[in-house]
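Below are my comments on the model you sent, as numbered points. The coordinates come first.

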Amino acid sequence: MGDQGIDVTAAHRWFAREFNNAAWDLVEAGTRTPAETERMLQLAHAACLHWEAVGTVANRQRALVLLAMAHVAAGQAMRAVDLARQCLAVQESGPAELTPFDCAAGAACLAAALRCDGQLAGACT
């Protein structure tokens with residue numbers, strides 16, 4: 001099977017944006033059912049996967065912010081901390097592509113993950 005004339009890069013970008021926006025809607029929701037929490041995680045992982053395929057350093061960093069925050073929202077602290085640290089590593093690999101907001105979001109997702117994990121001292125530094 002070929003790609004049937006599909007623009008694969010455009011498809012990756014479309015799915016990345018759609019999954020990203022849907023995941024953020026669930027992250028920011030006041031409450032979620034267990035099924036919505038699972039969907040939030042799936043959407044965040046899918047967005048990250050698609051951005052890894054075609055995105056810039058900035059896209060990948062932002063996807064990891066989302067992924068870490070989705071795990072915070074799901075109460076999965078250890079995974080959230082790991083993802084937030086991955087996010088900061090990506091930030092360090094391409095700082096010229098990132099805005100000050102991106103850098104602040106990366107630091108905030110680590111603080112939220114550490115707080116979720118009960119590491120309050122680390123969350124404030």
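**Notes on the predicted model**

1. Charge distribution. This is a predicted model. The protein carries 9 positive and 13 negative charges, and the mean positions of the two sets lie 3 Å apart.

2. Secondary structure. The protein has six helices and zero strands. Read from the N terminus, the order of elements is α-α-α-α-α-α.

3. Overall dimensions. A compact globule of 125 residues would have a radius of gyration near 14 Å, and the value of 15 Å for the protein therefore agrees with that expectation. The C-alpha trace spans about 55 × 40 × 20 Å along its principal axes.

4. Burial and surface. Of the 125 residues in the protein, 38% are buried. The exposed area is about 7,100 Å², with 58% of it supplied by carbon and sulfur atoms.

5. Contact range. Taking contacts between residues at least 6 apart in sequence, 62% join residues that are at least 24 apart.

6. The loop after α1. Glu-28 sits in the loop between α1 (8-27) and α2 (34-54). Is this residue buried or exposed? Glu-28 counts as exposed because its relative accessibility is 61%, where the cut-off for exposed is over 50%. The C-alpha atom of Glu-28 is 24 Å from that of Val-57, a residue 29 places away along the chain.

7. Helix α4. This helix covers residues 77-93, and its 17 residues should span 24 Å at 1.5 Å a residue; the end C-alpha atoms are 25 Å apart, so the two values agree. Its buried residues are Ala-77, Ala-80, Val-81, Leu-83, Ala-84, Cys-87, Val-90 and Gln-91. For the pattern of such a list, recall that an α-helix has 3.6 residues a turn, so residues three or four places apart point the same way. The cover over the buried residues of α4 includes α3 (57-73) and α5.

8. Helix α5. Residues 100-116 form this helix, also with 17 residues and an expected span of 24 Å at 1.5 Å a residue; the end C-alpha atoms are 24 Å apart, which agrees. Which residues of α5 are buried? They are Asp-102, Ala-105, Gly-106, Cys-109, Leu-110, Ala-112, Ala-113 and Leu-114. Asp-102 is thus one of the buried residues of α5. After α5 comes Gly-118, which has a positive phi, near 80°.

Terms used: Residues numbered from 1 in each chain as written. Predicted model: local features only at pLDDT ≥ 70, side-chain atom pairs only at ≥ 80, totals over all residues. Heavy atoms only, no water. Helix = DSSP H or I, 4+ residues; strand = E, 2+ residues; numbered from the N terminus. Expected span 1.5 Å × (residues − 1). Buried < 20%, exposed > 50% of the residue type's maximum accessible area, 1.4 Å probe, protein only. Rg over C-alpha atoms; globule rule 2.2 N^0.38 Å. Contact = heavy atoms within 4.5 Å. Areas by Shrake-Rupley, 256 points an atom, 1.4 Å probe, with all protein chains shown as cover. Lys, Arg positive; Asp, Glu negative; His and termini not counted. Charge placed at Lys NZ, Arg CZ, Asp CG, Glu CD.
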